[in-house]
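Please look over the structure below with some patience, turning it slowly as you read. The paragraphs that follow begin with a pair of helices and then step back to the chain as a whole.

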Amino acid sequence: MSSPFPKTADKLKGVEILASIPDRAKHILNAEALALVATLHRAFQPTRKQLLANRKEQQAKRDRGELPDFLPETEQIRNDPTWTGPPLARGLEDRRVEITGPVDRKMVINALNSGVATYMADFEDSLTPAWDNLIDGQVNLYDGVRKNISFEQNGKKYALNTDPKRHLPTLIVRPRGWHLDEKHVRVDGEPVSGGIFDFAIYFYNNAKESVAQGFGPYFYLPKMEHHLEAKLWNDIFNHAQDYIGMTRGTIRGSVLIETLPAAFQMDEIIYQLRQHIGGLNCGRWDYIFSYIKSLRNHPEFILPERSQVTMSAPFMSSYVKLLVNTCHKRQVHALGGMAAQIPIKEDKARNQAALENVAKDKLREVNAGCDSCWVAHPALVPVVLKVFNEHMKGPNQINVPPKVPYTPVTARDLLSPYVPDAKITEQGIRTNIIIGLSYIEAWLRNIGCVPINYLMEDAATAEVSRTQIWQWVTHGSKTDEGKTITKEYVGKLLKEESDKLSKNAKSGNKFSQALVYFKPECLAEKYSDFVTTLLYDDVTTIGRPTAAEKL
């Protein structure tokens, strides 16, 4: 019986790689994997573009005063109690602690040695999508799947602990969101989707091997704003599985509910992915960013400074409550949020206080019914595991009755900006400036995950920082001392903090360039949808001397 798919050589016509392929990655960027990228691009790029256009239309409606709400046209899906997600997949039954981080070789080894249940290997918020970063990441995951990975740096050796008595975390890959292109790879003259590229290269090279290793091709799906965006992923999953002769449903996709529009479509997102769904995750920092971004024209939805917007704030706790109830009703995991703290080695008292706060936050999550949580650093694993082991006796809480009877969450509950004792301080503005500038500067140096003040910051927290300042300037918010937050006031603080950062930085830093990008956003002179798309062209090799390859 002949294959329903064209031959590899035919699919590669019109495929261009506008960067060199290093020898270490020739086996990764093989003809068959690139042919899958081309196949998925040609089949699904029109839909992707239409869905991105739909995002702009929905934002325009919100800007004109239409607030997010549950969709009337999908009410039957929400109200039908008979459908559920699939049985839990191998390696995903118990996810009580998940570590996240970029896909550099040292991180992959440390994450797989950390003693957690799963490792989310990130091509998105914690990775600058420079070509070498992406390709090295694919090489590292290829080796990690096969348990054949080691690394040496400054005389120190890192290797995978393959003791048969030791559990290795289940690997889950986060490809880039729908809004991001991969400009180094073109099909028929058009850049491919970053998400499709990340997914297809990993899937083709590792899907069957991951099944042989006892788990499967598992993914975290970011930044979606509509259930039809989840349907697009589901269609891609089906196409890719058919392409390599894999049973449909082998793939599992866990969805980050990290945009405000998606919070109103949780049932629908699970439904669209119901053959492949692995659970929903409370992506707190991106969710706060999306809340501000979605409602940015509305002065009644101004939030106080970031440190006050905790998961205990009523509108945030409502979001978690709805997510847990929705997931467990559909028999899938409700995945908790991030603990971003990193060790304070030089101050034991501060470090102990930070760890106690992490434990309290995780106790809140497990009591809310979450089946897991995220950590950014291996040092947090024992602390968080202790909380979940004490309070979650089974592999998950899907069928455990909630500690507090569920009451319906309304649209107003999800939108309410109420935060107890809300305030904006000058120090809060300065902190946002420091985080925003520092992250952008690092990103421009191809570093996508940055420790700042003992927190691991990524693109999500940088987005909150610059969007909050934009919101406060736009609506003339006041500080706790009664000072109006104007362009002039923020400009003064921006200069002061920028000067300090530049003065204390090493030579070769990119703070002056970071300021060029960050300043107009802070002063509300412009608003970019994403800081990553704003900066992306600066980390591509396109236009620079390179050994471009035409396939």
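In this predicted model, helix α10, which spans residues 284-294, packs with helix α11, residues 314-329, at an angle of about 120 degrees, and their axes lie 12 Å apart. These two values are worth having together, because two packed helices are described by the angle between their axes and the distance between the axes. An angle counts as roughly perpendicular from 65 to 115 degrees and as roughly antiparallel over 145, and α10 and α11 are therefore oblique to each other. The crossing in which α10 passes α11 is right-handed.

Which residues of α10 and α11 meet? From α10 come Arg 284, Tyr 287, Ile 288 and Tyr 291, and from α11 they are met by Phe 315, Met 316 and Tyr 319. Sorted by class, the residues in this contact of α10 with α11 are six nonpolar and one charged, with no polar residues.

Stepping back, we can follow how the protein chain is divided: domain 1 takes in residues 31-414, and domain 2 takes in residues 421-539. The centres of domain 1 and domain 2, taken over C-alpha atoms, are separated by 26 Å, and the contact takes 44 residues from domain 1 and 42 residues from domain 2.

Finally, an unreviewed UniProt entry carries the annotation "domain: Malate synthase N-terminal", which covers residues 13-75. Over residues 13-75 of the model, the chain is 54% helix and 5% strand, while the C-alpha atoms at the ends are 45 Å apart.

Terms used:
Residues numbered from 1 in each chain as written. Predicted model: local features only at pLDDT ≥ 70, side-chain atom pairs only at ≥ 80, totals over all residues. Heavy atoms only, no water. UniProt positions renumbered as here; feature names shortened; annotations may be inferred. Helix = DSSP H or I, 4+ residues; strand = E, 2+ residues; numbered from the N terminus. Axes fitted to C-alpha atoms, helices over the stretch in contact; angles between N-to-C directions. Parallel < 35°, antiparallel > 145°, perpendicular 65-115°, else oblique. Left-handed = near helix turned anticlockwise from the far one by under 90°. Contact = heavy atoms within 4.5 Å. Nonpolar A, V, L, I, M, F, W, Y, C, P; charged D, E, K, R; others polar. Domains from an automatic or database assignment.
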